[in-house]
Amino acid sequence: WALFTEVWTPSYVEEQTVLRKPAQRGEGKPADYVQQIWQSGFKIRQIFYASYHWTIIADKKLPAYERKQWFAITDQFPKKKIAAIWQKHQRVGFLGYSDKFWILITEQRHDGDSGQRMATKRKLTKMDIENFWEEGYSIRSISYGGGQWVLIGDKFDNPEKTQTFFYSTDFPDQKIQEYYSLGKSVTTVCYSRSEDLWVMVAENNPAVDQNLLIQTDYPQEQLQELGIETEV
């Protein structure tokens, strides 16, 4: 398990929660858990399946940062769905691939939000990342599923957040520590089992202080020590 923790200055999050529910592979989808999170007043930041559990990470943000969310899960890549939400004044908040399902969380766009773009690649190269940067987009997320890499980018909102791309066959823990020493924080990390490849994007962001914890067991105690509400 790799647990990234962050402290933002100023803080825009009031409270965080982690919901973890057991499920066999290919059985049960997290739709009911998503509704449970929303009914509790939280917004979803990440959903993934690991160690026979669905895990949802969510938070309550300050009112100025809150957004209405929508949820979709499908065994086919939701390319048309993403194109459609961009026409509905929404944006991609989270896109991931777990237990052979694509999971999409979309969010209401604020008036000041910048645009997004997407690219799908069978093979991912540094040039693919650089093309986003050259066109004025920062990488929001990288995901892998169904034999393809998917990149989601946000139009640059802050030129000081210079991004860096790195890939490795091993989990890049040493590279992450190197980035921390340079004042960078990791914004997205993704693993392709079929290609045995880790990819990571980090950026300069003076507003965030990030740390990494790696261990073999689910970090239940560490989450509680951080004051994060958990439900298992």
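Buried here means under 20% relative accessible area, so E107, at 4%, makes the cut. Keep in mind that this is a predicted model. The structure holds 11 salt bridges, and here's a look at some of them, starting with the ones E107 makes.

**E107 and its arginines**
- E107 pairs up with R45 in a salt bridge, with 3.2 Å between the closest N and O atoms.
- E107 sits in strand β7 (residues 101–108) and R45 in strand β3 (residues 43–50), so this contact ties together parts that are 62 residues apart in sequence.
- On the R45 side, the relative accessible area is 22%, which makes that residue partly exposed.
- E107 also forms a salt bridge with R67, where the closest N and O atoms are 3.8 Å apart.
- R67 lies in the loop between β4 (53–61) and β5 (69–74) while E107 is in β7, so here the linked parts are 40 residues apart in sequence.
- Both E107 and R67 are buried.

**The β9–β10 pair**
- R140 and D154 form a salt bridge, their closest N and O atoms being 2.8 Å apart.
- R140 belongs to strand β9 (residues 137–145) and D154 to strand β10 (residues 148–155), so the pair ties together parts that are 14 residues apart in sequence.
- R140 is partly exposed at 23% relative accessible area, whereas D154 is buried at 14%.

**The wider network**
- Through shared salt-bridge partners, R45, D59, R67, R91 and E107 are joined into one network.

Key
Residues are numbered from 1 along each chain as its sequence is written. This is a predicted model: local features need pLDDT of at least 70, side-chain atom pairs count only at pLDDT 80 or more; totals for chains, interfaces and linings use all residues. Side-chain values use heavy atoms; hydrogens and water are left out. A salt bridge is a side-chain nitrogen of Lys or Arg within 4 Å of a carboxyl oxygen of Asp or Glu. Helices (H or I, at least four residues) and strands (E, at least two) are DSSP runs, numbered from the N terminus. Buried means under 20% relative accessible area, exposed over 50%, partly exposed in between (1.4 Å probe, protein chains only).
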